Amino acid sequence: MPVWIRSLTCVSLLLVTQATLADWRLTAASKVGYVSIKNNAIAENNYFSGVTGSLNKKGQLKVSIDLSTVETQVDIRNQRMRDLFFEITQYPEAVVTAQLDRQELAQVESGAPLELVKPFTLSLHGVESTAEAHLRIVSVGGRAWVSTVRPILISAADFGLEGGVAALQKIAGLEAIAAVVPVSVDLKLVKK
């Protein structure tokens, strides 16, 4: 097949797909999790249940994480995370933004699985930082799932949270708390 016909076919497919692209919203089943490590030996799974957001037809992804919904499985630790570490009265949420391109959106809409490395911006504790996420996106029947292929490493130092780590370590009587945590995402979206 001549190159110009293939190019015309690709452009036509993109234009048809562009007309059918939809807006998506995150469902209440979406979660962001992280692993905390204390005393250099004890790892604990934690997560945020208050995750909201959307992916619009222009490919703009925005995810808001309600930091008051942190769940560590221990009530007093939840309170300490909210008050001492995240300081939720001043910084109640974290916000993640990213941009998918038209081809990536078209693949999501088509239902074909998509794996990609995507830059994103995280706004946390009054500081913005950029990083990359290795993601897998699968969609079926008006629903889509976005998950991390490998954890995203987030450093407390990048967001001025070293004081929060020190405060938690002191109040809990721990020798150490890891200042870098692996974060995973499990986002569920539905078409608006």
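Helices (H or I, at least four residues) and strands (E, at least two) are DSSP runs, numbered from the N terminus. With these labels in hand, the tour may begin. The model on display is predicted.

**The whole chain**

Display the entire chain in a ribbon view. It contains 4 helices and 12 strands. Of its 192 residues, 39% are buried. The chain exposes about 10800 Å², and carbon and sulfur atoms supply 57% of that area. Among contacts between residues at least 6 apart in sequence, 62% join residues at least 24 apart.

**Stop one: helix H4**

Select residues 162-172, which form helix H4. Which residues of H4 are buried? They are Gly164, Val165 and Leu168. These residues lie on the same side of H4, because they cover an arc of only 100 degrees around the axis. Now turn to the other side of H4, where Gly163 and Lys170 are exposed.

Add residues 75-86 to the selection. This segment is helix H2, and the buried residues of H4 pack against it. Then move to the residue that follows H4, Gly173, whose phi is positive, near 65 degrees.

**Stop two: the loop before H4**

Select Ala156, which is in the loop between strand S11 (152-155) and H4. Is Ala156 buried or exposed? With a relative accessible area of 7%, Ala156 is buried, since buried means under 20%. Leaving aside residues up to four places away in sequence, Ala156 touches Leu161, Glu162, Val165 and Ala179. Val165, one of these partners, is also among the buried residues of H4. Next, draw a distance between the C-alpha atoms of Ala156 and Ala178: the separation is 9.0 Å, with the two residues 22 apart along the chain.

**Stop three: paired strands**

Select strand S4 (residues 51-55) together with strand S5 (residues 60-66). The two pair in the antiparallel sense over 5 bridges. To follow one bridge, start at Ser54; its partner in S5 is Lys62. The hairpin of S4 and S5 has 4 residues between the strands, and there Gly59 takes a positive phi near 90 degrees.

Keep S5 selected and add strand S7 (residues 93-99). How many bridges join S5 and S7? They pair over 7 bridges, in the antiparallel sense. Gln60 has Gln99 as its bridge partner in S7.

**Stop four: the loop between S2 and S3**

Select Asn39, which lies in the loop between strand S2 (31-38) and strand S3 (42-48). Most residues other than glycine have a negative phi. Asn39, although not a glycine, has a positive phi of about 50 degrees. At 27% relative accessibility, Asn39 is partly exposed.

Select Asn40 as well, in the loop between S2 and S3. Its phi is near 55 degrees, again a positive value in a residue other than glycine. Asn40 is exposed, at 68% relative accessibility.

**Stop five: salt bridges**

Show side chains as sticks. The chain has 6 salt bridges, three of which are visited here by name.

Select Glu104 and Lys118. Their closest N and O atoms are 2.9 Å apart, and the two residues form a salt bridge. Glu104 belongs to helix H3 (residues 102-110) and Lys118 to strand S8 (residues 114-124), so this pair ties together parts that are 14 residues apart in sequence. Glu104 counts as buried at 13% relative accessibility, and Lys118 counts as buried at 10%.

Select Glu109 and Lys191, whose side chains meet in a salt bridge with an N to O distance of 3.1 Å. Which elements hold the two partners? Glu109 is in helix H3 and Lys191 is in strand S12 (residues 180-191); the pair links distant parts of the chain, 82 residues apart. Glu109 is buried, with a relative accessible area of 17%, whereas Lys191 is partly exposed, at 36%. Salt bridges that share partners join Lys38, Glu44 and Arg77 into one network.

Select those three residues to end the tour. Within the network, the side chains of Glu44 and Lys38 meet at 3.2 Å, N to O. Glu44 counts as buried, at 16% relative accessibility.

Terms used: Residues numbered from 1 in each chain as written. Predicted model: local features only at pLDDT ≥ 70, side-chain atom pairs only at ≥ 80, totals over all residues. Heavy atoms only, no water. Salt bridge = Lys/Arg side-chain N within 4 Å of Asp/Glu carboxyl O. Buried < 20%, exposed > 50% of the residue type's maximum accessible area, 1.4 Å probe, protein only. Arc of directions from axis to C-beta. Contact = heavy atoms within 4.5 Å. Areas by Shrake-Rupley, 256 points an atom, 1.4 Å probe, with all protein chains shown as cover. Pairing = 2+ DSSP bridges.
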